[in-house]
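This report describes the interior of one protein: its overall make-up, its nonpolar cores, one helix and its cavities. The sequence and structure are shown first.

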Amino acid sequence: MKKLFSIILSSCIAVSSGVLCGFTLENKSSLALTKNCKSAYLMDYGSGECLYKENETARMPIASVCKVMTLTVVFDAVAEGRIKLTDTVTVSDKASSMGGSQVFLESGSKYPVEQLVKSVIVCSANDSCVALSETVAGGEGEFVALMNKKAASLGCADTLFANCTGLPKDTQYSCAKDVAVMFGNLIKYEDFFKYSKIWLEDFVHNENRTTSMTNTNKLIRKYSFCDGGKTGFTNEAGFCLASTAVKNNLRLVSVVLGASSSDDRFSSAVKMFDYGFANFKNKVVLDKDVTLNDEFSVRGGKRDSVAVRPERNCYVFSAVDATPEITYNVTAYDVKAPVATETVVGVIEVYKDGVLVDTVNIVAAESVEKATYGDYLRQSAREWAI
């Protein structure tokens, strides 16, 4: 492995025209990225930085984009071990009677949690939402309480849920900024992407009855960088979309609310993504395949030091023409042999312009065996000869 040399870049920051936290918007009218939309937001997924915004905190209905939080609460339950994707759900009369988008679940029938989750992501199935809510929390009301608790924990102050489907209800609202935060939190779950890229698939019921599911997020076919999203529409909310796209290690999250047409929401999202990818970047500042300059000391080993590397890649977000100052603070743990490859032996803090942006474990890039009595004797003999 080649070695990594410390990088300290110039602290000069070039200002790119756009709405970015820490950047100045010179002319908002020149940055009209959306068409016929009431609200919009573009965010860098990794840092949470805002790249573009329009009326971003206005409270409004978001229709089925509400299911971003429905899915989050379900995936949280899976992560916490309260349910499994392989668990069986028995459909209630209430769930089977839901209107709007659905996969026509039969009351009393049984389905795996995973199959219901997939139907929510792909075709926005309201009946599956209610069935999942009853499985996770015992009822939709209790589940909605979990949705609101989670939203509050994410700092979403302009969001209130009244059901798990997004069907019209006076006391239910959110805003573009909050939706971006909630969707960004959802896509940390890799299982979301197992289903979000499905375009067409049959939902199989008992006795081989099937319901055809078509993905409501047309961007996965129209925009090559998009790999997931959640749509919504009611007459009250208009056409809504939360989506994500990734290019050159940069993942963006866009939200469009209250668009006049389906085409407007998709074209607006594409324009925001194109703007983001053209003007911003994620630079690799730590490469997991490159060892650090200095080896770490090892006590009681056949060797007195070990080569080390970052456990994972680290990226720093900035405008494409910016040169932020990147500095590091390395902490080595007290390491005693034997040391296996991949053992965590320290941490490295990464700073952008003096602000901590990431902390990455440092791992052993090789193994070091424990010294034997013979090794100590040979070492003593060498020192005596000197």
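## Overall make-up

Ten helices and 19 strands form the secondary structure of the protein, in what is a predicted model. The protein has 386 residues, of which 50% are buried. Among contacts with a separation of 6 or more, 63% are between residues 24 or more positions apart.

The exposed area of the protein is about 17,700 Å². Carbon and sulfur atoms supply 50% of that area.

## Nonpolar cores

In soluble globular proteins, nonpolar side chains tend to be buried together. The largest nonpolar core here holds 64 residues. The members that touch the most other members are Val-117, Met-147, Phe-161 and Phe-192.

What does Phe-192 touch, leaving aside residues up to four places away in sequence? Its contacts are Leu-71, Phe-75, Ile-121, Phe-183, Leu-186, Ile-187, Gly-228 and Gly-229. Another core, of 27 residues, lies apart from the largest one and includes Cys-226, Phe-239, Ala-245 and Phe-277.

## Helix H6

Helix H6 spans residues 176-186. Because nine of its eleven residues are buried, H6 is largely enclosed by the rest of the structure. The buried residues of H6 are Ala-176, Asp-178, Val-179, Ala-180, Met-182, Phe-183, Gly-184, Asn-185 and Leu-186. Two of these, Phe-183 and Leu-186, are also among the residues touched by Phe-192.

## Cavities

A search of the whole structure finds two cavities of 30 Å³ or more. The largest contains about 80 Å³ of space. Its lining consists of Pro-61, Ile-62, Ala-63, Cys-66, Gly-166, Leu-167, Pro-168, Lys-169, Gln-172, Thr-234 and Glu-236. By class, six of these lining residues are nonpolar, three are polar and two are charged.

The second largest cavity has a volume of about 30 Å³. Ile-62, Val-65, Cys-66, Val-68, Met-69, Phe-161, Val-179 and Met-182 line this second cavity. Helix H1 (67-79) and helix H6 (176-186) are the elements that each give two or more residues to this lining. The lining of the second largest cavity has eight nonpolar residues, with no polar and no charged ones. Ile-62 and Cys-66 appear in the linings of both cavities. Phe-161, a lining residue of the second largest cavity, is also one of the members of the largest nonpolar core that touch the most other members.

How values were computed: Residues are numbered from 1 along each chain as its sequence is written. This is a predicted model: local features need pLDDT of at least 70, side-chain atom pairs count only at pLDDT 80 or more; totals for chains, interfaces and linings use all residues. Side-chain values use heavy atoms; hydrogens and water are left out. On a 1 Å grid over the protein atoms alone, a cavity is a set of points where a 1.4 Å probe fits but cannot get out, and a pocket is an open set with protein on both sides within 12 Å along at least five of seven lines; lining residues have an atom within 4 Å of a point. Grid points are joined across faces, edges and corners, and a volume is the space filled by probe spheres set on the points. Ala, Val, Leu, Ile, Met, Phe, Trp, Tyr, Cys and Pro count as nonpolar, Asp, Glu, Lys and Arg as charged, and the others, Gly among them, as polar. Helices (H or I, at least four residues) and strands (E, at least two) are DSSP runs, numbered from the N terminus. A nonpolar core is a set of buried Ala, Val, Leu, Ile, Met, Phe, Trp, Tyr and Cys residues joined through side-chain atoms within 4.5 Å. Buried means under 20% relative accessible area, exposed over 50%, partly exposed in between (1.4 Å probe, protein chains only). Contact means heavy atoms within 4.5 Å. Accessible areas come from the Shrake-Rupley method with a 1.4 Å probe; for residues, only the protein chains shown count as cover.
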